[in-house]
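Visitor: I would like a close look at a single part of this structure. Please take me through one stretch of the chain slowly, and then place it in the whole.

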Amino acid sequence: MMDDPIVEEVRKHRQAHAAKYNNDLKAICAALKIREQQSSRKVVNRSSRLLLKKVS
């Protein structure tokens, strides 16, 4: 397996971000929700949708 410098950099940042919240997934998610609410960007709901079969 090759070492990819981009993947290594992403992993390094991910680990630093997780360490900031003491590797607590609930704290990370709460912080992301706060950041989402403070953002001026539109949040899109990508929940699953029921697909209906066409009746011929």
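Visitor: Which residues take a positive phi in the loop between helix 1 and helix 2, and what is found on either side of that loop?

Guide: Keep in mind from the start that this is a predicted model. The two residues to look at are Asn22 and Asn23. Asn22 is located in the loop that joins helix 1 to helix 2, and Asn23 has its place in that loop too. Asn22 comes just after helix 1. Its phi is positive, about 60°, although Asn22 is not a glycine. For Asn23, phi is near 55°, which is again a positive value in a residue other than glycine. Both side chains belong to residues that count as exposed: Asn22 has a relative accessibility of 67%, and Asn23 has 59%. The cut-off for that word is over 50%, so Asn22 qualifies at 67% and Asn23 qualifies at 59%.

Now go back from the loop into helix 1. This helix covers residues 5-20. For its 16 residues, a rise of 1.5 Å a residue predicts a span of 22 Å, and the C-alpha atoms at its ends are 23 Å apart, in agreement with that figure. At the start of helix 1, a side-chain oxygen of Asp4 comes to within 2.9 Å of the backbone nitrogen of Ile6.

Further along helix 1 there is a salt bridge between Arg11 and Glu8, with 3.6 Å between the closest N and O atoms. The cut-off for a salt bridge is 4 Å, so the 3.6 Å between Arg11 and Glu8 falls within it. The positions in sequence fit with this contact: Arg11 and Glu8 are three residues apart in helix 1, which puts about one helical turn between them. Arg11 is partly exposed at 40% relative accessibility, and Glu8 is partly exposed with a relative accessible area of 40%.

Val10 also belongs to helix 1. With a relative accessible area of 51%, Val10 counts as exposed. For helix 1 taken whole, the number of buried residues is one out of 16, so the helix lies largely in the open.

Next, go forward from the loop into helix 2, which runs over residues 25-38. Asp24 caps the N-terminal end of this helix, with a side-chain oxygen 3.2 Å from the backbone nitrogen of Lys26. Helix 2 has 14 residues, and the distance from its first C-alpha to its last is 20 Å, close to the 20 Å expected at 1.5 Å a residue.

Helix 2 has a salt bridge of its own, formed by the side chains of Lys33 and Glu36 at 3.5 Å from N to O. Lys33 and Glu36 are three residues apart in the helix, so about one helical turn separates them. Lys33 is partly exposed at 48% relative accessibility, and Glu36 is partly exposed with a relative accessible area of 32%. With this pair the list of salt bridges is done, as the structure holds two.

One distance can be read across the stretch. Val10 and Ala27 are 17 residues apart along the chain, and their C-alpha atoms are separated by 20 Å.

Finally, the whole chain. The chain has two helices and zero strands. Its radius of gyration is 18 Å, well over the 10 Å that the globule rule gives for 56 residues, so the chain is more spread out than a compact globule. Along its principal axes, the C-alpha trace spans about 55 × 40 × 25 Å. Buried residues account for 5% of the 56 residues. The chain exposes about 6,400 Å², and carbon and sulfur atoms supply 55% of that area.

To return to the part you asked about: the loop between helix 1 and helix 2 includes Asn22 and Asn23. Asn22 has a positive phi of about 60°, and Asn23 has one near 55°.

Terms used
Residues are numbered from 1 along each chain as its sequence is written. This is a predicted model: local features need pLDDT of at least 70, side-chain atom pairs count only at pLDDT 80 or more; totals for chains, interfaces and linings use all residues. Side-chain values use heavy atoms; hydrogens and water are left out. Helices (H or I, at least four residues) and strands (E, at least two) are DSSP runs, numbered from the N terminus. Buried means under 20% relative accessible area, exposed over 50%, partly exposed in between (1.4 Å probe, protein chains only). The expected span of a helix is 1.5 Å times one less than its number of residues. A polar contact is a pair of N or O atoms within 3.5 Å; within protein, one must be able to donate a hydrogen and the other to accept it, and residues adjacent in sequence count only if both atoms are side-chain atoms. The radius of gyration is taken over C-alpha atoms; the globule rule is 2.2 Å times the number of residues to the power 0.38. Accessible areas come from the Shrake-Rupley method with a 1.4 Å probe; for residues, only the protein chains shown count as cover.
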